[in-house]
Amino acid sequence: MREKQIEQKLVKAVKEKGGLCWKFTSPGTAGVPDRIVLMPEGHIAFVELKAPSKQLRVLQEYRMKQLITLGFPCYVIDNAMQIPSVIRKIGGDAE
């Protein structure tokens, strides 16, 4: 499965749980995660999508560490089967 297909499944699953899954871009700051997930009751996390078995680039790892240091949860998804678990961890009640 391609990264884009996994991303589409994430967007759909978050929406089904009443959340928003916005494409996250930060002009002038490379390496930020692909998506910001906003769930009901103020739950928020950043998600980087990867094709199966692809690794984070060094800059992506650095950006995620920056966000984690500030207290924001960050996840990497490279398989659509990970989506329910990630949504649950963010604060959605996915099965």
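# A look at a 95-residue α/β chain

The chain shows about 6000 Å² of accessible surface, and 55% of that belongs to carbon and sulfur atoms; areas here come from the Shrake-Rupley method with a 1.4 Å probe, and for residues only the protein chains shown count as cover. Keep in mind that this is a predicted model, in which local features need pLDDT of at least 70, side-chain atom pairs count only at pLDDT 80 or more, and totals for chains, interfaces and linings use all residues. Residues are numbered from 1 along each chain as its sequence is written, and side-chain values use heavy atoms, with hydrogens and water left out.

## Overall layout

There are three helices and four strands in the chain, and from the N terminus on they run α-β-β-β-α-β-α. The radius of gyration is 12 Å, close to the 12 Å that the globule rule gives for 95 residues, so the chain is as compact as a globular protein of that length. That radius is taken over C-alpha atoms, and the rule is 2.2 Å times the number of residues to the power 0.38. Helices (H or I, at least four residues) and strands (E, at least two) are DSSP runs, numbered from the N terminus.

Along its principal axes, the C-alpha trace spans about 35 × 30 × 20 Å. Of the 95 residues, 38% count as buried; that means under 20% relative accessible area, while exposed is over 50% and partly exposed is in between (1.4 Å probe, protein chains only). If you take contacts (heavy atoms within 4.5 Å) between residues at least 6 apart in sequence, 49% of them join residues at least 24 apart. As for charge, the mean positions of the 15 positive and 10 negative charges are 5 Å apart. Lys and Arg count as positive and Asp and Glu as negative, with His and the chain ends not counted; each charge is placed at NZ of Lys, CZ of Arg, CG of Asp or CD of Glu.

## Two cores

In soluble globular proteins, nonpolar side chains tend to be buried together. Here the largest nonpolar core has 17 residues, and those with the most contacts inside it are Leu-10, Val-14, Val-37, Val-47, Ile-77, Ile-83 and Ile-90. Two or more residues each come from helix H1 (3-16), strand E2 (35-39), strand E3 (43-49), strand E4 (74-77) and helix H3 (83-90). A second, separate core has five residues, including Ile-36, Phe-46, Met-64 and Cys-74. A core in this sense is a set of buried Ala, Val, Leu, Ile, Met, Phe, Trp, Tyr and Cys residues joined through side-chain atoms within 4.5 Å.

Ile-83 is a handy residue to click on in the bigger of these: leaving aside neighbours within four places in sequence, Ile-83 is in contact with Ile-6, Lys-9, Leu-10, Ala-13 and Ile-77.

## Helix H2 and the loops

Helix H2 covers residues 58-69 and holds Lys-65. Arg-63 lies in H2 too, but the two residues sit on opposite sides of the burial cut-offs: Arg-63 is buried, with a relative accessible area of 17%, whereas Lys-65 is exposed at 55%. Beyond four places in sequence, Arg-63 is in contact with Thr-29, Ala-30, Gly-31 and Val-32.

Out in the loops, Met-81 lies between E4 and H3 and is exposed, with a relative accessible area of 72%. Thr-25 is in the loop between strand E1 (20-23) and E2, and it counts as exposed at 58% relative accessibility.

Here is how some of these residues sit relative to others, C-alpha to C-alpha.

| Pair | Apart in sequence | Apart in space |
|---|---|---|
| Lys-65 and Met-81 | 16 residues | 24 Å |
| Arg-63 and Cys-74 | 11 residues | 9.9 Å |
| Met-81 and Lys-9 | 72 residues | 9.8 Å |
| Thr-25 and Arg-35 | 10 residues | 8.3 Å |

Two backbone spots are worth a glance as well. Glu-41 has a phi near 70 degrees, a positive value in a residue other than glycine. Glu-41 is in the loop between E2 and E3 and counts as exposed at 77% relative accessibility. Ser-53 likewise has a positive phi, about 70 degrees, although it is not a glycine. Ser-53 is found in the loop between E3 and H2, and at 60% relative accessibility it counts as exposed.
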